[in-house]
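Colleague: Before I rely on any of the terms used for this protein, I would like to hear how each one is justified. Could we go through them in turn?

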Amino acid sequence: MTPDEYCQQKAAASGSSFYYSFLFLPPERRRAITALYAFCREVDDVVDESSDTQLAATKLAWWRQEVANLFAGKPHHPVGKALQPHLEKFSLAEKHLREIIDGMEMDLTQTRYLDWKALERYCDHVAGSVGLLAARIFGYRDARTLEYARSLGIAFQLTNIIRDVGEDARKNRIYLPMEDLQKFGVPAADILGMRQTDAFRSLMLFQAERARSLYEEALRTLPAADRKAQRPGLIMAAIYRALLGEIERDGFNVLAQRTALTPLRKFWIAWKTWVSA
């Protein structure tokens with residue numbers, strides 16, 4: 001298996017919405033973004049699949065070294081080898097890959113966030129940095145596009161947090177800001193105990209509105225000159241906004257289930273966005 005094939009399998013197996021946005025790209029950009037996505041999956045899996053915090057920290061330290069090896073021209077992992085040919089062409093920065101690992105490392109030590117500012121910082125690390133790298137791969141001419149990409153990444157991550165409240169609670173993680181829980185009268189024990197109350201639904205509606213405002217802010221920032229190049233990001237935004245709508249229509253029943261769009265619907269949204277953007 002070649003490094004590119006390894007990354008392709010990693011991306012396809014995830015079933016992620018991001019995979020559908022890659023389908024319409026020219027081959028070189030598709031290989032680059034698939035390698036970046038595979039990197040994100042690898043470091044995310046370190047945290048999600050390990051119950052031993054020390055072991056996970058050791059694995060993340062290995063990935064930090066692999067990033068250093070990558071930019072020194074000596075990667076060892078198939079993902080690093082797949083990414084290497086694209087570093088110079090797309091001006092991919094080492095610091096952004098390190099920031100992604102920093103964000104994953106936060107999950108090893110932090111299970112609560114005091115306020116939106118603290119949560120936004122986490123989202124920026126694990127997703128805003130990905131947005132910046134992805135925007136460079138897709139291509140841009142106006143620097144404001146990078147601002148758009150970072151905001152869009154944060155919106156994606158908040159949507160993931162809304163979708164995964166129940167799943168995260170079963171791991172004793174509550175990403176929703178404690179300040180917001182207090183504001184809406186939702187004890188952390190209700191979330192950990194999977195108690196779906198009217199107060200909880202009000203809290204989730206507030207988070208959904210925050211996510212929508214982030215999408216709107218990002219899309220307003222995207223310069224018209226870069227809109228065509230950034231179509232993969234627009235596809236992701238369309239899919240994630242549709243997911244957010246489904247979660248709301250289900251009454252924010254996120255403690256009991258994990259809402260998802262069908263592959264066919266994702267593909268339809270992707271194709272429709274690509275041809276209309």
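Colleague: Why does Asn172 count as buried, partly exposed or exposed?

Modeller: This is a predicted model, in which local features need pLDDT of at least 70 and side-chain atom pairs count only at pLDDT 80 or more, while totals for chains, interfaces and linings use all residues. Residues are numbered from 1 along each chain as its sequence is written, and side-chain values use heavy atoms, with hydrogens and water left out. Buried means under 20% relative accessible area, exposed means over 50%, and partly exposed is in between, with a 1.4 Å probe and protein chains only. Asn172 has 38% relative accessibility, so Asn172 counts as partly exposed.

Colleague: What makes the backbone of Asn172 worth a remark?

Modeller: Asn172, in the loop between helix H9 (165-169) and helix H10 (178-184), has a positive phi of about 60° although it is not a glycine. Most residues other than glycine have a negative phi. Met194, in the loop between H11 and helix H12 (198-221), also has a positive phi of about 60° without being a glycine, and at 27% relative accessibility Met194 counts as partly exposed. The helices named here are DSSP runs of H or I with at least four residues, numbered from the N terminus.

Colleague: How do you know whether Asp190 is buried or exposed?

Modeller: Asp190, which lies in helix H11 (residues 188-192), has 14% relative accessibility and therefore counts as buried. Leaving aside neighbours within four places in sequence, Asp190 is in contact (heavy atoms within 4.5 Å) with Arg195 and Thr197.

Colleague: Why is H6 called roughly parallel, roughly antiparallel or something else relative to H7?

Modeller: Helix H6 (residues 94-109) and H7 pack at an angle of about 150°, with their axes 8 Å apart. Angles under 35 degrees count as roughly parallel, over 145 as roughly antiparallel, 65 to 115 as roughly perpendicular and the rest as oblique, which makes H6 roughly antiparallel to H7. By class, their contact has nine nonpolar, four polar and four charged residues.

Colleague: What makes a set of residues a nonpolar core, and which members touch the most others in the largest one?

Modeller: A nonpolar core is a set of buried Ala, Val, Leu, Ile, Met, Phe, Trp, Tyr and Cys residues joined through side-chain atoms within 4.5 Å. The largest has 93 residues, of which Leu36, Phe39 and Ile191 touch the most other members, and its largest share, 13 residues, comes from helix H7 (residues 116-138). Not counting residues up to four places away in sequence, Ile191 touches several residues, including Val165, Phe200 and Leu255.

How values were computed. Helix = DSSP H or I, 4+ residues; strand = E, 2+ residues; numbered from the N terminus. Axes fitted to C-alpha atoms, helices over the stretch in contact; angles between N-to-C directions. Nonpolar A, V, L, I, M, F, W, Y, C, P; charged D, E, K, R; others polar.
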